[in-house]
Amino acid sequence: MRSLAKTSALKRLVCPALLLTGIAWNIAVQAGELGDLLQATLQHPQVRAAASQSGAAQAQMDAAGGRYFGSAALSAGWHQYEDRRVVGVFTPTTPGVPLISDNISQTGLTYSLPVDVFGVIAANRDRARHDLAAAELLARQQTLLKLHQTASAYATLQALLKQREALAFYRQRVAATHQRILREVGLGKTAGVEARYAEIELARVAADKSQLDGALVQAQADLAEASGREKVLPDHAEIHVPAWEGVAADATLPAQIALARREAARAQADEGRQALYPALSLDASYFRNAGGGDHRDTWALGGVISLPLGVSQYKQAQAQRLNAQAASEQNEAAARDSERQLASLHAAYEAAVADAKAMEKEVAYRDQVAAVQREMQRLGSQTLENLFRHERDLLDARYRLAQARARAAVAWSAVQVLAGLPTETYIARMDAK
């Protein structure tokens, strides 16, 4: 039963870690390695991709602002016809005489300057600005997720190393007890069944070691998949757990991202609604026409007023208005969900810290109890089964202590992803000496 309890506890540590790991590191493991690994995480392809998306959003905002300056086009064309054609228009310099040729070329420049009477361009630029804010927040969230995965994988490996250390210590005690019993059996002081029971316990320890080795390999594989480094192990097994700091639900990254998306959707709805009004633009053009050995310059200056009459524009504006309403509801939902996650993670952090403190006391107590039981068993006043039961209790307490510290560190890290802690601050607090 104790072995099963320990196995279950081990799975509780390893399985969540498998969901949280996935980060790439490209630097050598050395003293203060967690901070170095977290710095290397900033070069992960997903982090770079998020930064590129943020750059694309910046370019979109610049493009939206550029609409105020209008658009120009330079064109050149040459055509040959089977018969003579009229080139350009009649000009005042040669009244009534068109430019005629079967070889016609035309070069020119056109320019159109929109007049943002109803604020369509302003709304489009406003939407691009909020899209940029959302992209920057998403980039920060992606970076923090990768940092969280790095720290979680590192804490998991630290806990597993602590468990491996405790299991190795327990195996030494079982092996020593087994050797002592074999000597006593040889002297006729102890029944042979005691030696067989000790052999069974050694087999159980070997099975536990195989399971622990498998968990280590899996954790290392998760680390290698994300980092590109093979068989990385922490240089120390002491898990650092930062102190808890309160976070407001409406200040979390998901809430801020939802708010930016809400404002972007509102700006898009405004743009769609204002686009239903007449649009005014000032146009200018200059062309040089050539054909038949003659050249004519033509230019034009004027304005264009257009009014959309299609049903699709009105339906699209209605869809954008509904999207803005949905984004507003999603913003409220994000704030509520952030509050729920914060409460859950705070509870998990407090429970893990309390469990770690309790396990520290229990480890000290069970270490003393096991020492007394070993002496009693050596003197013949305690059965081997009871001795191994107490030793298993001590091993399980050490397992739970390592797990509790890892859970506290992972809970703290997860909260920082919600809070949107600056990356350098996150690294400094996780790698505090």
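User: How many salt bridges does a search of the whole structure find?
Analyst: The structure is a predicted model, in which local features need pLDDT of at least 70, side-chain atom pairs count only at pLDDT 80 or more, and totals for chains, interfaces and linings use all residues. Residues are numbered from 1 along each chain as its sequence is written, and side-chain values use heavy atoms, with hydrogens and water left out. A salt bridge is a side-chain nitrogen of Lys or Arg within 4 Å of a carboxyl oxygen of Asp or Glu. Searched in this way, the whole structure yields 22 salt bridges.

User: Which residue meets the side chain of arginine 173 in a salt bridge, and is that residue buried or exposed?
Analyst: The partner is glutamate 391, with an N to O distance of 3.2 Å. The pair links distant parts of the chain, since arginine 173 is in helix H4 and glutamate 391 in helix H8 (residues 384-419), 218 residues apart; helices are DSSP runs of H or I with at least four residues, strands are runs of E with at least two, and both are numbered from the N terminus. Buried means under 20% relative accessible area, exposed over 50% and partly exposed in between (1.4 Å probe, protein chains only). Arginine 173 counts as buried at 16%, and at 4% glutamate 391 is buried.

User: Which helix holds both arginine 204 and glutamate 201?
Analyst: These two residues form a salt bridge whose closest N and O atoms are 3.0 Å apart. Glutamate 201 is buried at 1% relative accessibility, whereas arginine 204 is partly exposed at 26%. They are three residues apart, about one turn of the helix, and both lie in H5 (residues 192-227).

User: Which residues are joined with Arg173 into one network by salt bridges that share partners?
Analyst: A further salt bridge connects arginine 405 to glutamate 360, with the closest N and O atoms 2.8 Å apart. This pair also links distant parts of the chain, arginine 405 in H8 and glutamate 360 in helix H7 (residues 311-378), 45 residues apart. As for the network, shared partners join Arg173 with Asp367, Arg374 and Glu391.

User: Why do the buried residues of H3 lie on the same side of the helix?
Analyst: The buried residues of H3 are Val47, Ala50, Ser54, Ala57, Met61, Ala64 and Gly65. What covers them includes helix H2 (33-41) and helix H4 (120-186), while the face turned away from the buried side carries the exposed residues Ser52 and Gln60. The arc is taken from the directions from the helix axis to the C-beta atoms. The buried residues are on the same side because they cover an arc of only 105 degrees.

User: Which residue does the side chain of serine 413 join through a polar contact?
Analyst: Serine 413 lies in helix H8 and is buried at 1% relative accessibility. A polar contact is a pair of N or O atoms within 3.5 Å; within protein, one must be able to donate a hydrogen and the other to accept it, and residues adjacent in sequence count only if both atoms are side-chain atoms. At 2.4 Å, the side-chain partner of serine 413 is tyrosine 426.

User: Which helix supplies the largest share of the largest nonpolar core?
Analyst: A nonpolar core is a set of buried Ala, Val, Leu, Ile, Met, Phe, Trp, Tyr and Cys residues joined through side-chain atoms within 4.5 Å. Of the 24 residues in the largest core, those touching the most other members include Leu160, Tyr170 and Phe388. H4, H5 and H8 each supply at least two residues of this core. The largest share, nine residues, comes from H4.

How values were computed: Contact means heavy atoms within 4.5 Å.
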